Amino acid sequence: MFETVLIANRGEIALRVLRACKELGVRTAVVYSAADADSAAVRLADQAVRIGPASSRRSYLNAAAIVEAARQVGAQAVHPGYGFLSEDADFAEICADNGLIFIGPPPTVMAALADKSSARALMSAAGLPLSPGSVAPVPTAAEAAEVAEAVGYPVIVKAAAGGGGRGMTVVRTPGELRRAYARTRAAAQAAFGDDRVYVERYLTEARHVEVQVLCDSNGNGVHLGTRDCSVQRRHQKLVEEAPAPALSAAVLDTIAETALRGALQVGFVGAGTLEFLVDAEEQFHFLEINCRIQVEHPVTEMVTGIDLVHEQLHIAAGVPLRWRQEEIRLHGVALECRVNTEDPERGFAPTPGRLERFTPPGGPFTRVDTHASAGYLIGPWYDSLLAKVIVWAPDRELALNRLERALDEFDIAGPGVHTTIPFVRRVLDDAAFRKGRYTTGLVDRLLAASAQRPTATPAPRPASTAEPDVTHRRTR
């Protein structure tokens, strides 16, 4: 095992990795920007190295500064977390050139899989079913239109180098295509420095199901079952659960086994996730593979009892995979919701500000991954994820009730700060969600219902009635 690992990230994932390292007896060092000087990760790490100002481009995306920080602390490996440089093959290669082990797949494998069109081609060659569309990038709007006509509308134009829900445009009619194609290319160039896009059929009422895999450098691999991540706004997830509900065991097993076969055939190493869309006939189509730990990894940990970050560290250190497929057992149901500092009533716009109160929930089988505390300043520089609430129960009904109870306990307040908790409550109240029969259209349906709901005129209150202090507590 390593003596020292440098954690090249921030927020809750930096803490998550830091804790895993300490549990394995590994010294930790974190990098931090000027905005994160007072962060929990800096406070808890054995060492901390300031690498730049608040701007992520000059700090957490600054590969040279991170490698220099690793050299200063004598680290043997770099854990990138998720986001930032976690799927940057160039950064992985720079680490290797400087004698550092990048905790993730080899740079060549990552380069092939980080490119979505390249990943589609590789997975197609491995026998995985793809959604209808182009495998290679389409260089002109006219060729995009030809693909769209061939597969049928609606289609989605996607950035080949995309990620995190960015660089995607849904096109419902031929008249929208040319503008959507140009807009997506421009967005892809701005976000990823790569304007290549491809086109595929857009499934409107599909399930987003993904499979967690672990693979070592000796060609061994296991899958750890499925997760359902269909509750999304702007292609970004809000609620996740494991295993995926309301699908037959035979289909879930087939998806999981197919995913593992694809990962092994492309030489994947580390912890990865293969994402699929499952249509109403339970036909599944490969979407993409993520070469990193994911935000929703705790639900898999809760149903398998396997610490995924521990496994990442072992695999990166050259330890053969410690699990065989027949040893993987799924127990019960786990649910996770993301608490983002966003205002769902204003299109999920970020709401930075300072937290006056922050009391996370507790109780049995309830886990909260967060870097926040009372007094924490939510700045405008990074993503809006404030906390993840994860619960486990023997069955889905109890897990749903437990998550509701946990959200009732969560007390978050600060001037101008809103969170996604009220919207998650609406998801949990939805009849289709309660039955496990929901699709990627759920959030849009709930938002449309809100838009049609008449605005109630508030009843006058007695002058002596004090304003209730229930900023993010359940009020029904």
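## A tour from Trp392 to Arg227

Start at Trp392: at 17% relative accessibility, this residue counts as buried, because the cut-off for buried is under 20%. The model on screen is predicted.

Keep Trp392 selected and add Phe365. The two rings form a tilted aromatic pair, 5.2 Å centre to centre with 50° between the planes. Trp392 belongs to strand β21, while Phe365 sits in the loop between β18 (357–359) and β19, 27 residues apart. Phe365 has 48% relative accessibility and so counts as partly exposed.

Next, select residues 396–409. This is helix α12, with 14 residues and a reach of 20 Å from first C-alpha to last. At its N-terminal end, Asp395 acts as the cap: a side-chain oxygen is 3.2 Å from the backbone nitrogen of Glu397. Buried residues of α12 include Arg396, Leu400, Leu403 and Leu407. Show their surroundings: the cover includes β21 (385–393), β14 (333–340) and α13 (421–429).

Stay on Arg396 and add Phe433. Arg396 lies over the ring face, 5.1 Å from the ring centre. For another such arrangement, pick Arg207 and Tyr438; here the distance to the ring centre is 5.4 Å.

Now back to aromatics. The whole structure holds eleven aromatic pairs. Select Phe276 and Phe286: their centres are 6.0 Å apart and their planes at 75°, so this pair is edge-to-face. Phe276 is in strand β12 and Phe286 in strand β13, ten residues apart. Both are buried. Then colour Tyr60, Phe84, Trp381 and Tyr382, which form one cluster.

Finish at Arg227 in strand β10 (residues 221–233). Its relative accessibility is 0%, so Arg227 counts as buried. Its side chain makes polar contacts with those of Gln212 at 3.0 Å and Thr300 at 2.8 Å.

Definitions and conventions. Residues numbered from 1 in each chain as written. Predicted model: local features only at pLDDT ≥ 70, side-chain atom pairs only at ≥ 80, totals over all residues. Heavy atoms only, no water. Helix = DSSP H or I, 4+ residues; strand = E, 2+ residues; numbered from the N terminus. Expected span 1.5 Å × (residues − 1). Buried < 20%, exposed > 50% of the residue type's maximum accessible area, 1.4 Å probe, protein only. Contact = heavy atoms within 4.5 Å. Polar contact = N/O pair within 3.5 Å; in protein donor to acceptor, adjacent residues only side chain to side chain. Phe/Tyr/Trp six-rings, centres within 6.5 Å; stacked < 30°, edge-to-face > 60°. Lys NZ or Arg CZ within 6 Å of the ring centre and 35° of its normal.
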